Amino acid sequence: VCAYANNQWELSKYVCADPRESAFQKAIDMARGGLTMIDTGGVVFTRIWCSFETFCLLGRSAGLKQGSPDKFSYDFYTA
């Protein structure tokens with residue numbers, strides 16, 4: 001998400017004290033779903049931003065009410 005939510009040439013403009021107020025979080029809030037690709041070493045879980053993204057996506061998915069017209073999907077895939 002970070003690669004698309006933030007201008008990669010001017011990342012310092014997007015740094016804020018609370019990551020929940022970042023462009024990164026706003027992009028997640030606008031998403032209709034998410035996907036985590038997991039390699040054989042599970043390296044994705046050693047990267048804090050990947051873990052934060054997973055946390056935000058799962059929280060968003062859990063926050064939808066049963067029967068809500070909003071659809072949100074999240075999945076894990078292994079490579």
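Let's start with helix α2, where Phe24, Gln25 and Ile28 are buried. Why do these three belong together? They span an arc of only 95° around the axis, so they sit on the same side of α2. Turn to the other side of α2, and there you find Lys26 and Met30, both exposed. Before I go further, please keep in mind that this is a predicted model.

Two of those α2 residues lead us inward. Phe24 and Ile28 belong to the largest nonpolar core, together with Phe52, Cys56, Leu57, Phe72 and Tyr74, which makes seven residues in all. Which helices supply at least two residues each? They are α2, residues 23-30, and α3, residues 48-63. The most generous contributor is α3, with three residues. As a general point, nonpolar side chains in soluble globular proteins tend to be buried together.

If you'd like one residue to click on in that core, try Leu57. Setting aside its neighbours within four places in sequence, Leu57 is in contact with Ile28, Phe72 and Tyr74, and also with Gly33 and Gly34.

Let me step back for the overall layout. The protein chain has three helices and two strands, and along the sequence they follow the pattern α-α-β-α-β. The chain has 79 residues, and 24% of them are buried. What about contacts between residues at least 6 apart in sequence? Of these, 58% join residues at least 24 apart. The accessible surface of the chain comes to about 6100 Å², with 58% of that belonging to carbon and sulfur atoms.

Now for the strands. Thr36 lies in β1, residues 33-38. Buried or exposed? Thr36 counts as buried, because its relative accessibility is 5%, and the cut-off for buried is under 20%. Its side chain makes a polar contact of 2.2 Å with the side chain of Tyr74, and you will remember Tyr74 as one of the core residues. Leaving out residues up to four places away in sequence, Thr36 touches Val44, Thr54, Tyr74, Asp75, Phe76 and Tyr77.

Asp75 is on that list, so let's look from its side, taking the contacts in turn. Asp75 is found in strand β2, residues 73-78. With the same exclusion of residues up to four places away, Asp75 touches Gly34, Leu35 and Thr36. Another way to see the distance covered along the chain is to take Asp75 and Met37: they are 38 residues apart in sequence, and their C-alpha atoms are separated by 8.7 Å. Unlike the buried Thr36, Asp75 counts as partly exposed, at 38% relative accessibility.

On to the aromatics. How many aromatic pairs does a search of the whole structure find? It finds three. Take Trp49 and Phe52: their ring centres are 5.5 Å apart and their planes stand at 90°, so this pair is edge-to-face. These residues are three apart in helix α3, which means that about one helical turn separates them. Their surroundings differ in exposure: Trp49 is partly exposed, with a relative accessible area of 47%, while Phe52 counts as buried at 17% relative accessibility.

Another edge-to-face pair is formed by Tyr74 and Phe76, with 5.2 Å from centre to centre and 90° between the planes. Here too we have a buried partner, Tyr74, at 17% relative accessibility, and a partly exposed one, Phe76, with a relative accessible area of 37%. Ring pairs also bring in Phe45, linking Phe45, Tyr74 and Phe76 into a cluster.

Let me finish with Trp49, which takes us back to where we began. Trp49 is in helix α3. Which residues does Trp49 touch, not counting those up to four places away in sequence? The answer is Pro19 and Phe24. Pro19 and Trp49 are 30 residues apart in sequence, with a C-alpha to C-alpha separation of 9.8 Å. And Phe24, of course, is one of the buried residues of α2 that opened this talk.

Conventions
Residues numbered from 1 in each chain as written. Predicted model: local features only at pLDDT ≥ 70, side-chain atom pairs only at ≥ 80, totals over all residues. Heavy atoms only, no water. Core = buried A, V, L, I, M, F, W, Y, C linked by side-chain atoms within 4.5 Å. Buried < 20%, exposed > 50% of the residue type's maximum accessible area, 1.4 Å probe, protein only. Helix = DSSP H or I, 4+ residues; strand = E, 2+ residues; numbered from the N terminus. Contact = heavy atoms within 4.5 Å. Arc of directions from axis to C-beta. Areas by Shrake-Rupley, 256 points an atom, 1.4 Å probe, with all protein chains shown as cover. Polar contact = N/O pair within 3.5 Å; in protein donor to acceptor, adjacent residues only side chain to side chain. Phe/Tyr/Trp six-rings, centres within 6.5 Å; stacked < 30°, edge-to-face > 60°.
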